[in-house]
Amino acid sequence: PKTPKGICGADADTMVARNLLRAVAAGSGCYIHIVENTARNLRAMGESGAAFKGAKALERVAELFGITGATPHEKAVKIANAVLSDLYLPRDEKMKLTAKLAYAPRYAKWQELGLLPGGAKSEVFDGVVKSSTNLNSDPVNMLLNCLTLGISTGLYGLTLTNLLNDIMLGEPVIRPAAVGFKTIDPRYINIMITGHQHSCFTHLQDRLLDADIVDRARQAGAEGFRLVGCTCVGQDLQLRGEHYKEVFTGHAGNNFTSEAALATGAIDLVVSEFNCTLPGIEPIADTLKIKMICIDDVAKKANAAYEPYRFADREPVSEKIIASAVEAYKARRDSVGINIPAEHGNDDTITGISEVSLKDFLGGSWEPLVNLIASGDIKGVVGVVGCSSMVSGGHDVLTVDLVKELIKRDIIVLSAGCSSGGLENVGLMRPAAAALAGPSLRAVCEKLGI
Ligand code: SF4
């Protein structure tokens, strides 16, 4: 820097820590928003007596939290309330479920270091306050706050969101699935979904298969409705796709792939509820007469209609989506060209990996995997997770090259987020990708048929 301090006297350490804390608080806010809505959806489903697809998951979470109840619905409401109560605590009161969700020795270390998070929403709020003009100037204090936010975001925003989704939407089942543009079938009215809040689609998913709704598609000239996955919500639907075989065609691709998916011309409507609904899809949607509906205004697009989703309004919201999709299909299919690259994607991407499904696959114990690592057949496990990247060569180039290099060295890769979308579309999650692995890892994959 030209001067050692800013005009207010803040030094470089303060500025860097302040900017980091602000970014971390914003990121945490996003994922806490998701778990809050997910818990509210679970509570509403429990109160209404709606059917859960993940009965075992419900029992598992209830046991983990020490929750009892006369019926699964009562337990679901109590689980949701336990989550929401924690989220809404003030910052000086520690969240209660952290101890039940965390790895015990790690929890003890966090406790020793004073890193246990208070109410997750308050943590975000205070992170924003601290990083505002001329408030906190202690870099260590702000960096410790980043760690606390990391704990609440990871355990609540990510782990808990998944556990609650397992209850409402069904648990992941390991299976081969279709990915890429071959998931878009022009004979159907295609609704592409973008976002992260899968539990907002529980009603729509089932409704699209009802006979009266399929009839409406047929009257418009289509064979029915299909949901096409894109971004993280597509990834999540794919993970649980065993429970939605009829209506969900597969995961077309990640955030940046959404532009190309729309450019095929065969998507009629986009329903968004969170990131990453790129602003870049707006002009494409306008040009190709694709309607856009947003059901959570945190991700409101300038050209999208806004239909706020609450579980109590699920029927009118689904009806609005269906009516708009039919209208768009009728208005655009005669005038918009369709061009779906036939070779894009594949039909046998292995999906449905969760802690539970993977352990089952291994015979109910982690020992086979641990033994393979101990014997050196697998040299280790690397997580390649997160959003897709445009740097270092272009869309997904970095992650694809990195994963090829890792598997060549007999290192198994665990992937999540939009980086998975790129890896699966280029075929790295197919059994055939074993041919690109080093000799030991290849032998393991071929033996297990994965
Ligand atoms: S992984 Fe990242 S890029 Fe993809 S939808 Fe989620 S936040 Fe967006």
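Two strands pair if DSSP finds at least two bridges between them. In this predicted model, strand β2 (residues 189-194) meets that criterion with β5, since 4 bridges join the two. β2 and β5 run parallel. Within this pairing, M192 has V270 of β5 as its bridge partner.

β5 also pairs with strand β6 (residues 291-294). This pairing is likewise parallel and comprises 4 bridges. Here S272 stands opposite C294 of β6. Between β5 and β6 the chain passes through helix α12 (residues 281-287). The resulting β-α-β crossover is right-handed.

Strand β5 spans residues 269-272 and is covered on both faces. In a regular strand, side chains alternate between the two faces of the sheet. In β5, L269 and V271 lie on one side. V270 and S272 lie on the other. These four residues are all buried. Thus V270, the bridge partner of M192, and S272, the residue opposite C294, belong to one face of β5.

A second parallel pairing involves strand β9 (residues 380-385) and strand β10 (residues 411-416). It extends over 6 bridges. G380 has I411 in β10 as its bridge partner. The connection from β9 to β10 runs through helix α16 (residues 397-408). This β-α-β crossover is right-handed.

The domain assignment divides the protein chain into domain 1 (12-169), domain 2 (175-332) and domain 3 (353-448). The C-alpha centres of domain 1 and domain 3 are 29 Å apart. The ligand shell draws on domain 2 and domain 3, with at least three residues from each.

The residues surrounding the ligand are Y31, H196, T231, C232, N255, N275, C276, C387, G417 and C418. By class, 5 are nonpolar and 5 are polar. No charged residue is present in the shell.

Several shell residues have further backbone features. N275 and C276, both members of the shell, are joined by a cis peptide bond. Omega for this bond is near 10 degrees. C276 is placed in the loop between β5 and α12. T231, also beside the ligand, has a positive phi of about 60 degrees although it is not a glycine. T231 lies in helix α10 (residues 231-239). T231 counts as buried because its relative accessible area is 1%, under the 20% cut-off.

Positive phi also occurs at N134, again a residue other than glycine. The value at N134 is about 55 degrees. N134 is located in the loop between α6 (120-130) and α7 (139-169).

H344 occupies the loop between α13 (314-332) and β8 (346-351). Its relative accessible area is 23%, so H344 is partly exposed. Leaving aside neighbours within four places in sequence, H344 is in contact with V179, G180, F181, K182, A252 and N425. One of these contacts, K182, is 162 residues from H344 along the chain. The C-alpha atoms of H344 and K182 are nevertheless separated by 6.2 Å.

How values were computed. Residues numbered from 1 in each chain as written. Predicted model: local features only at pLDDT ≥ 70, side-chain atom pairs only at ≥ 80, totals over all residues. Heavy atoms only, no water. Near = heavy atom within 4 Å. Nonpolar A, V, L, I, M, F, W, Y, C, P; charged D, E, K, R; others polar. Domains from an automatic or database assignment. Buried < 20%, exposed > 50% of the residue type's maximum accessible area, 1.4 Å probe, protein only. Contact = heavy atoms within 4.5 Å. Right-handed = clockwise from strand over helix to strand, strands pointing away.
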